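Hi,

Here is the model I promised to pass on. Have a look at it first, and then read on for what I found in it.

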Amino acid sequence: MGSEGEMVKKPRFVCLHGFRTSGEIMKKQVVGKWPESVVEKLDLVFPDGPFPAQGKSDVDGETDFLKPYGLELIEECVDPLVIHHPKGHTVPRLDEKGLQTMQSYLEKIQEKLSKKEE
């Protein structure tokens, strides 16, 4: 991924928080749960949504009324990577399978970035 002294461009990921949270909370969830070996390869951006939510949330797992919209959004993405979490609206820790999936995906992206720079 680049020779010594050569800077490797990190792929930028915009980490969009969900309902009733913030960019800062999302950052703590991602950086706190994912291994440094993954986080150090990424340029992560954690913007805040424009409208703070108020009141109790009824969004939870399979009762999540927003899930169909998320699934529809995934269908619109080119080569999406989805790592599911059994509790729904939370950033998953990367178990062995999830970590392998993520590392493979990052290698694929880095390869595309390297070819683009040539």
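Lys115 sits out in the open: its relative accessible area is 56%, over the 50% needed to count as exposed. Its side chain meets that of Glu111 in a salt bridge, with N to O at 3.5 Å. Both belong to helix 4, and because they are four residues apart there, about one helical turn separates them. Glu111 is a little more covered in category terms, counting as partly exposed at 47% relative accessibility. Bear in mind while reading that this is a predicted model.

That pair is one of three salt bridges that turn up when the whole structure is searched. As a reminder, side chains of opposite charge can pair when their charged atoms come close.

Another of the bridges also involves helix 4. Lys108 pairs with Asp79, and their closest N and O atoms are 2.6 Å apart. Lys108 lies in helix 4 while Asp79 is in the loop between helix 3 (67–76) and helix 4, so this bridge ties together parts that are 29 residues apart in sequence. Lys108 is partly exposed at 37% relative accessibility, and Asp79 is partly exposed too, at 34%. Asp79 deserves a second look for its backbone: it has a positive phi of about 50° although it is not a glycine. Most residues other than glycine have a negative phi.

The remaining bridge joins Arg12 and Asp43, at 2.7 Å from N to O. Arg12 is in strand 1 (residues 12–14) and Asp43 in strand 2, so the pair links parts 31 residues apart in sequence. Arg12 counts as exposed, with 59% relative accessibility, whereas Asp43 is partly exposed at 26%.

Now the overall layout. The protein has four helices and two strands, and along the sequence they follow the pattern β-α-α-β-α-α. It has 118 residues, of which 22% count as buried. Among contacts between residues at least 6 apart in sequence, 73% join residues at least 24 apart.

Then the inside. In soluble globular proteins, nonpolar side chains tend to be buried together. Here the largest nonpolar core has 13 residues, and those with the most contacts inside it are Val30, Trp34, Val38 and Leu44. Helix 1 (23–33), helix 2 (36–39) and helix 4 (96–117) are the elements that give two or more residues to this core.

Two valines are good places to start if you want to click around in there. Setting aside neighbours within four places in sequence, Val38 is in contact with Leu94, Leu99, Met102 and Leu106. Val39, which is found in helix 2, has another set of partners: with the same neighbours left out, Val39 is in contact with Val30, Val31, Trp34 and Leu44. Val39 counts as buried, since its relative accessibility is 12% and the cut-off is under 20%.

Which residues of helix 1 are buried? They are Gly23, Met26 and Val30. Looking down the axis of helix 1, these buried residues fall within an arc of 60°, so they line one face of the helix. The face turned away from that buried side carries the exposed residues Lys28 and Gly32. As for what covers the buried residues of helix 1, the cover includes helix 2 and strand 2 (43–45).

Last, the outside. The accessible surface of the protein comes to about 9,300 Å², with 54% of it belonging to carbon and sulfur atoms. There is a nonpolar surface patch of about 410 Å², made by Phe19, Phe65, Leu66 and Tyr69. Of these, Phe65 is found in the loop between strand 2 and helix 3, and it counts as partly exposed at 45% relative accessibility.

Happy to go through any of this with the model open.

Cheers

Methods
Residues are numbered from 1 along each chain as its sequence is written. This is a predicted model: local features need pLDDT of at least 70, side-chain atom pairs count only at pLDDT 80 or more; totals for chains, interfaces and linings use all residues. Side-chain values use heavy atoms; hydrogens and water are left out. A nonpolar core is a set of buried Ala, Val, Leu, Ile, Met, Phe, Trp, Tyr and Cys residues joined through side-chain atoms within 4.5 Å. Buried means under 20% relative accessible area, exposed over 50%, partly exposed in between (1.4 Å probe, protein chains only). Contact means heavy atoms within 4.5 Å. The arc is that of the directions from the helix axis to the C-beta atoms. A salt bridge is a side-chain nitrogen of Lys or Arg within 4 Å of a carboxyl oxygen of Asp or Glu. Patches are made of residues with over 30% relative accessible area and no salt bridge: like charges are joined within 9 Å, nonpolar side chains (Val, Leu, Ile, Met, Phe, Trp, Tyr) within 5 Å. Accessible areas come from the Shrake-Rupley method with a 1.4 Å probe; for residues, only the protein chains shown count as cover.
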